[in-house]
Amino acid sequence: MKNAFLLLSGIALSACVSSGGPRQAVTEVTFSSQSSNALFGYDETLVQVVAPRDMSKVISIIEPQSGVPCQLQGANFSASFRTPGKVLLPDYGNLSQPVKVTCTYQGITRSVTANAFDATRAEAVANATGDQEDTTLGGALSGALAGALAGAVVGRDRKGQNDWKYPTISVNYQSMETRNR
(Lines give C-alpha, C1' and ligand atoms only; values in the text may rest on other atoms or scores of the structure.)
Protein backbone atom coordinates (compact mmCIF):
# COMPACT_ATOMS: atom_id res chain seq x y z
CA MET A 1 0.00 0.00 0.00
CA LYS A 2 2.91 2.35 0.71
CA ASN A 3 4.18 1.95 -2.87
CA ALA A 4 0.73 2.70 -4.28
CA PHE A 5 0.43 5.60 -1.83
CA LEU A 6 3.70 7.13 -3.01
CA LEU A 7 3.04 6.37 -6.67
CA LEU A 8 -0.32 8.15 -6.64
CA SER A 9 0.86 11.31 -4.92
CA GLY A 10 1.69 14.23 -7.13
CA ILE A 11 0.49 12.75 -10.44
CA ALA A 12 -1.88 14.82 -12.57
CA LEU A 13 -4.67 12.76 -14.08
CA SER A 14 -6.15 13.16 -17.53
CA ALA A 15 -8.87 15.72 -18.09
CA CYS A 16 -12.52 14.89 -17.51
CA VAL A 17 -15.51 16.47 -19.18
CA SER A 18 -18.43 17.52 -17.05
CA SER A 19 -21.83 17.63 -18.66
CA GLY A 20 -22.44 21.05 -20.13
CA GLY A 21 -19.45 22.71 -18.44
CA PRO A 22 -15.82 23.44 -19.19
CA ARG A 23 -13.18 20.73 -19.14
CA GLN A 24 -12.03 20.09 -15.59
CA ALA A 25 -8.67 18.52 -14.95
CA VAL A 26 -8.57 16.14 -12.02
CA THR A 27 -5.66 17.02 -9.76
CA GLU A 28 -4.24 14.69 -7.16
CA VAL A 29 -2.85 16.07 -3.95
CA THR A 30 0.85 15.99 -3.16
CA PHE A 31 1.60 14.39 0.18
CA SER A 32 4.16 16.04 2.46
CA SER A 33 4.24 13.05 4.80
CA GLN A 34 2.49 9.75 5.31
CA SER A 35 -0.42 9.62 7.68
CA SER A 36 -0.57 6.88 10.28
CA ASN A 37 -4.31 6.63 9.54
CA ALA A 38 -5.59 3.96 7.14
CA LEU A 39 -6.19 5.30 3.63
CA PHE A 40 -9.49 3.98 2.21
CA GLY A 41 -9.26 5.64 -1.18
CA TYR A 42 -9.77 9.05 -2.76
CA ASP A 43 -12.78 11.33 -3.10
CA GLU A 44 -13.14 13.48 -6.22
CA THR A 45 -14.24 16.90 -4.98
CA LEU A 46 -15.24 19.89 -7.10
CA VAL A 47 -13.74 23.26 -6.14
CA GLN A 48 -15.13 26.44 -7.69
CA VAL A 49 -14.98 30.20 -7.30
CA VAL A 50 -18.35 31.95 -7.39
CA ALA A 51 -17.96 35.66 -8.15
CA PRO A 52 -19.00 38.51 -10.45
CA ARG A 53 -16.98 38.84 -13.66
CA ASP A 54 -16.00 42.37 -12.65
CA MET A 55 -15.51 42.95 -8.93
CA SER A 56 -15.57 46.74 -9.41
CA LYS A 57 -19.24 46.78 -10.47
CA VAL A 58 -21.85 47.25 -7.76
CA ILE A 59 -24.49 45.24 -9.61
CA SER A 60 -23.23 42.14 -11.36
CA ILE A 61 -24.30 38.56 -11.88
CA ILE A 62 -22.47 36.22 -9.53
CA GLU A 63 -21.51 32.96 -11.23
CA PRO A 64 -18.76 30.31 -11.26
CA GLN A 65 -15.50 31.69 -12.66
CA SER A 66 -12.91 29.72 -14.63
CA GLY A 67 -9.13 29.93 -14.42
CA VAL A 68 -8.83 31.26 -10.86
CA PRO A 69 -5.61 30.01 -9.19
CA CYS A 70 -6.18 28.14 -5.91
CA GLN A 71 -4.19 26.31 -3.27
CA LEU A 72 -5.59 23.45 -1.19
CA GLN A 73 -4.01 22.49 2.13
CA GLY A 74 -4.84 19.40 4.19
CA ALA A 75 -3.26 17.82 7.27
CA ASN A 76 -0.43 16.20 5.29
CA PHE A 77 -1.22 17.06 1.67
CA SER A 78 -1.63 20.01 -0.68
CA ALA A 79 -2.60 20.82 -4.27
CA SER A 80 -2.41 23.75 -6.70
CA PHE A 81 -4.98 24.08 -9.48
CA ARG A 82 -7.23 26.47 -11.42
CA THR A 83 -11.00 26.58 -11.12
CA PRO A 84 -13.24 24.90 -11.74
CA GLY A 85 -11.14 22.01 -10.52
CA LYS A 86 -11.68 18.50 -9.35
CA VAL A 87 -9.27 17.46 -6.63
CA LEU A 88 -8.72 13.88 -5.46
CA LEU A 89 -8.73 14.11 -1.67
CA PRO A 90 -7.61 11.21 0.54
CA ASP A 91 -10.36 9.33 2.40
CA TYR A 92 -9.27 8.48 5.94
CA GLY A 93 -12.83 7.62 7.01
CA ASN A 94 -13.92 9.27 10.23
CA LEU A 95 -10.32 10.46 10.73
CA SER A 96 -10.45 12.68 7.61
CA GLN A 97 -9.30 16.17 8.50
CA PRO A 98 -10.66 19.52 7.27
CA VAL A 99 -9.14 21.04 4.12
CA LYS A 100 -8.53 24.72 3.48
CA VAL A 101 -8.84 26.20 -0.02
CA THR A 102 -7.37 29.64 -0.74
CA CYS A 103 -8.05 31.37 -4.07
CA THR A 104 -7.00 34.75 -5.48
CA TYR A 105 -9.52 36.39 -7.82
CA GLN A 106 -8.93 39.87 -9.25
CA GLY A 107 -6.33 40.55 -6.55
CA ILE A 108 -8.55 39.51 -3.64
CA THR A 109 -7.66 36.40 -1.63
CA ARG A 110 -10.36 34.34 0.06
CA SER A 111 -10.22 31.08 1.99
CA VAL A 112 -12.80 28.50 2.94
CA THR A 113 -12.51 25.37 5.07
CA ALA A 114 -14.44 22.17 4.31
CA ASN A 115 -15.00 19.13 6.50
CA ALA A 116 -15.49 15.55 5.35
CA PHE A 117 -18.86 13.98 6.12
CA ASP A 118 -20.10 10.40 6.37
CA ALA A 119 -21.91 10.11 3.02
CA THR A 120 -23.12 6.57 3.75
CA ARG A 121 -24.83 7.69 6.94
CA ALA A 122 -26.26 10.81 5.28
CA GLU A 123 -27.72 8.71 2.48
CA ALA A 124 -29.22 6.19 4.94
CA VAL A 125 -30.88 8.98 6.92
CA ALA A 126 -32.16 10.65 3.73
CA ASN A 127 -33.56 7.35 2.44
CA ALA A 128 -35.22 6.57 5.77
CA THR A 129 -36.84 9.99 6.14
CA GLY A 130 -37.29 11.10 2.52
CA ASP A 131 -40.38 10.78 0.38
CA GLN A 132 -42.72 10.24 3.31
CA GLU A 133 -46.36 10.35 2.20
CA ASP A 134 -47.70 10.58 5.76
CA THR A 135 -47.54 14.28 6.72
CA THR A 136 -49.26 13.85 10.09
CA LEU A 137 -47.35 14.36 13.32
CA GLY A 138 -47.20 10.58 13.82
CA GLY A 139 -45.84 10.09 10.29
CA ALA A 140 -43.24 12.79 10.78
CA LEU A 141 -42.15 11.32 14.11
CA SER A 142 -41.91 7.79 12.71
CA GLY A 143 -39.87 9.13 9.75
CA ALA A 144 -37.55 10.99 12.12
CA LEU A 145 -37.19 7.88 14.30
CA ALA A 146 -36.43 5.72 11.25
CA GLY A 147 -33.80 8.23 10.13
CA ALA A 148 -32.21 8.35 13.57
CA LEU A 149 -32.11 4.55 13.78
CA ALA A 150 -30.66 4.22 10.27
CA GLY A 151 -28.04 6.85 11.10
CA ALA A 152 -27.14 5.12 14.36
CA VAL A 153 -26.74 1.71 12.71
CA VAL A 154 -24.67 3.03 9.80
CA GLY A 155 -22.77 5.39 12.10
CA ARG A 156 -21.27 2.48 14.03
CA ASP A 157 -19.30 1.24 11.01
CA ARG A 158 -15.74 2.53 11.47
CA LYS A 159 -13.81 -0.07 9.51
CA GLY A 160 -13.62 1.89 6.29
CA GLN A 161 -16.88 0.60 4.88
CA ASN A 162 -18.68 3.93 5.16
CA ASP A 163 -17.94 6.36 2.36
CA TRP A 164 -16.58 9.68 3.61
CA LYS A 165 -16.66 12.61 1.19
CA TYR A 166 -16.00 16.31 1.02
CA PRO A 167 -18.80 18.55 -0.23
CA THR A 168 -18.41 20.76 -3.29
CA ILE A 169 -16.13 23.56 -2.11
CA SER A 170 -17.24 27.03 -3.22
CA VAL A 171 -15.08 30.07 -2.56
CA ASN A 172 -17.56 32.93 -2.73
CA TYR A 173 -16.86 36.54 -3.67
CA GLN A 174 -19.55 39.18 -3.53
CA SER A 175 -18.78 42.63 -4.95
CA MET A 176 -20.16 44.72 -2.05
CA GLU A 177 -18.57 42.49 0.56
CA THR A 178 -15.10 42.62 -1.03
CA ARG A 179 -14.98 46.45 -1.28
CA ASN A 180 -14.66 46.71 2.49
CA ARG A 181 -11.75 44.31 2.77
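Visitor: Is T45 buried or exposed in this predicted model?
Guide: The model is predicted. The cut-off for buried is under 20% relative accessible area. T45 has a relative accessible area of 2%, so T45 is buried.

Visitor: Where is T45 found?
Guide: Look along residues 41-52. That stretch is a strand, and T45 is in it. The element is strand 4.

Visitor: Which side chain makes a polar contact with the side chain of T45?
Guide: The two side chains come to 3.0 Å. A polar contact needs N or O atoms within 3.5 Å. The partner of T45 is D43.

Visitor: Which residues is T45 in contact with, leaving aside its neighbours within four places in sequence?
Guide: Some partners carry numbers in the eighties, others in the 160s. They are G85, K86, V87, L89, Y166, P167 and I169.

Visitor: Which residues touch the most other members of the largest nonpolar core?
Guide: This core has 27 residues. Strand 4, strand 6, strand 7, strand 8, strand 9 and strand 13 each supply at least two of them. The residues asked for are V49, L72 and V101.

Visitor: Which strand gives the most to this core?
Guide: Strand 9 covers residues 99-105. Its share of the core is 4 residues. The strand that gives the most is strand 9.

Visitor: What does V101 touch, not counting residues up to four places away in sequence?
Guide: V101 is one of the core residues that touch the most other members. Its partners beyond four places in sequence include polar names, among them Q71, R110 and S111. The full set is V47, C70, Q71, L72, F81, R110, S111, V112, I169 and V171.

Visitor: Which residues does a cis peptide bond join?
Guide: Go to the loop between strand 7 (77-82) and strand 8 (85-91), where P84 is found. The omega of the cis bond is about -15°. The bond joins T83 and P84.

Visitor: What is the phi of Q106?
Guide: Q106 sits in the loop between strand 9 (99-105) and strand 10 (108-114). Q106 counts as partly exposed, because its relative accessibility is 40%. Q106 is not a glycine, yet its phi is positive, at about 50°.

Visitor: How many helices and strands does the chain have?
Guide: The chain runs to 181 residues, and 35% of them count as buried. Among contacts between residues at least 6 apart in sequence, 67% join residues at least 24 apart. The count of elements is 4 helices and 13 strands.

Notes
Residues are numbered from 1 along each chain as its sequence is written. This is a predicted model: local features need pLDDT of at least 70, side-chain atom pairs count only at pLDDT 80 or more; totals for chains, interfaces and linings use all residues. Side-chain values use heavy atoms; hydrogens and water are left out. Helices (H or I, at least four residues) and strands (E, at least two) are DSSP runs, numbered from the N terminus. Buried means under 20% relative accessible area, exposed over 50%, partly exposed in between (1.4 Å probe, protein chains only). A polar contact is a pair of N or O atoms within 3.5 Å; within protein, one must be able to donate a hydrogen and the other to accept it, and residues adjacent in sequence count only if both atoms are side-chain atoms. Contact means heavy atoms within 4.5 Å. A nonpolar core is a set of buried Ala, Val, Leu, Ile, Met, Phe, Trp, Tyr and Cys residues joined through side-chain atoms within 4.5 Å.
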